[in-house]
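Welcome, and please take a moment to look over the sequence and the structure shown here. A short guided tour comes after them.

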Amino acid sequence: MWEEKNKQLYRAFEFKNFRDAFAFMTKVALLAEKMDHHPYWTNVYNKVEIYLSTHDAGNVITAKDEALATAIDKLL
Ligand SMILES: C[C@H](O)[C@H](O)[C@H]1CNC2=NC(N)=NC(=O)C2=N1
């Protein structure tokens with residue numbers, strides 16, 4: 001589940017392998033473009049970590065972050 005970390009929404013995802021992790025990232029990327037809201041994220045092999053905050057609002061969590069987090073969860 002998403003948790004609040006340093007004024008950001010954070011969630012870690014684990015997949016079977018890199019292929020599945022990257023397929024997920026591709027879907028998130030398209031979603032982010034559609035919503036005009038983009039993740040700070042890391043990927044190492046089968047793990048993806050996502051941090052969401054709104055830079056435009058001074059690096060805090062806003063409704064845009066909540067909306068993207070909810071949309072990302074629906075991809076799973
Ligand atoms: C101009 C454009 O809408 C903004 O720069 C958007 C783009 N994507 C963004 N993504 C995130 N995570 N935070 C923002 O503040 C943000 N701003």
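The report below goes through strands, aromatic rings, the ligand and a few single residues.

## Strands

Before starting, please keep in mind that this is a predicted model. A good place to begin is strand 4, which covers residues 47-52 and pairs in the antiparallel sense with strand 2, residues 8-14. Those two strands are joined over 6 bridges. To find one spot where they face each other, look for Arg-11, which stands opposite Ile-50 of strand 4.

Strand 4 also pairs with strand 3 (residues 40-44), again in the antiparallel sense, and here there are 5 bridges. Within this pairing, Tyr-40 has Tyr-51 of strand 4 as its bridge partner. Strand 3 and strand 4 make up a hairpin with 2 residues between them. In that turn sits Tyr-45, with a positive phi of about 50 degrees.

## Aromatic rings

How many aromatic pairs does a search of the whole structure find? The search finds 6 of them. A pair of this kind is described by how far apart the ring centres are and by the angle between the planes.

One of the pairs is formed by Phe-13 and Phe-24: the ring centres are 4.8 Å apart and the planes stand at 45 degrees, so this pair is tilted. Phe-13 belongs to strand 2 and Phe-24 to helix 1 (residues 18-35), so the pair ties together parts that lie 11 residues apart in sequence. Are these two residues buried or exposed? Phe-13 has a relative accessibility of 5% and therefore counts as buried, the cut-off being under 20%. Phe-24 has a relative accessibility of 4%, so Phe-24 counts as buried too.

Tyr-40 and Tyr-51, which we met as bridge partners, also form an aromatic pair. This pair is edge-to-face, with 5.6 Å from centre to centre and 70 degrees between the planes. The pair links distant parts of the chain, since Tyr-40 is in strand 3 and Tyr-51 is in strand 4, 11 residues apart. Tyr-40 has a relative accessible area of 54%, so Tyr-40 is exposed.

Rings can also gather in groups. Phe-13 and Phe-24 appear again here, joining Trp-2 and Phe-15 in one aromatic cluster.

## Around the ligand

Which residues surround the ligand? They are Asp-36, His-37, His-38, Ser-53, Thr-54, His-55 and Asp-56. By type, this shell has 5 polar residues, 2 charged residues and no nonpolar ones.

Three of its residues are listed below with the distance from one of their atoms to an atom of the ligand.

| Residue | Atom of the residue | Atom of the ligand | Distance |
|---|---|---|---|
| Asp-36 | polar side-chain atom | oxygen | 2.7 Å |
| Ser-53 | backbone N or O atom | nitrogen | 2.9 Å |
| Asp-56 | polar backbone atom | oxygen | 3.0 Å |

On its own, the ligand has 390 Å² of accessible area, and the protein covers 70% of this.

His-37, a member of the shell around the ligand, deserves a second look. His-37 is found in the loop between helix 1 and strand 3. With a relative accessibility of 8%, His-37 counts as buried. The side chain of His-37 also makes a polar contact, at 2.6 Å, with the side chain of Asp-65.

## Loop residues and the start of the chain

Most residues other than glycine have a negative phi. Which residues in the loop between strand 1 and strand 2 have a positive phi? Asn-6 is one of them: Asn-6 is not a glycine, yet has a positive phi of about 50 degrees. Asn-6 lies in the loop between strand 1 and strand 2, and its relative accessibility of 73% makes it count as exposed. Lys-7 lies in this loop as well. The phi of Lys-7 is also positive, near 60 degrees, and Lys-7 is exposed, with a relative accessible area of 53%.

Finally, turn to Met-1, which is placed in the segment before strand 1 (3-5). At 73% relative accessibility, Met-1 counts as exposed. From Met-1 to Ala-63 there are 62 residues in sequence, while their C-alpha atoms are 17 Å apart in space.

How values were computed. Residues numbered from 1 in each chain as written. Predicted model: local features only at pLDDT ≥ 70, side-chain atom pairs only at ≥ 80, totals over all residues. Heavy atoms only, no water. Pairing = 2+ DSSP bridges. Helix = DSSP H or I, 4+ residues; strand = E, 2+ residues; numbered from the N terminus. Near = heavy atom within 4 Å. Polar contact = N/O pair within 3.5 Å; in protein donor to acceptor, adjacent residues only side chain to side chain. Areas by Shrake-Rupley, 256 points an atom, 1.4 Å probe, with all protein chains shown as cover. Nonpolar A, V, L, I, M, F, W, Y, C, P; charged D, E, K, R; others polar. Phe/Tyr/Trp six-rings, centres within 6.5 Å; stacked < 30°, edge-to-face > 60°. Buried < 20%, exposed > 50% of the residue type's maximum accessible area, 1.4 Å probe, protein only.
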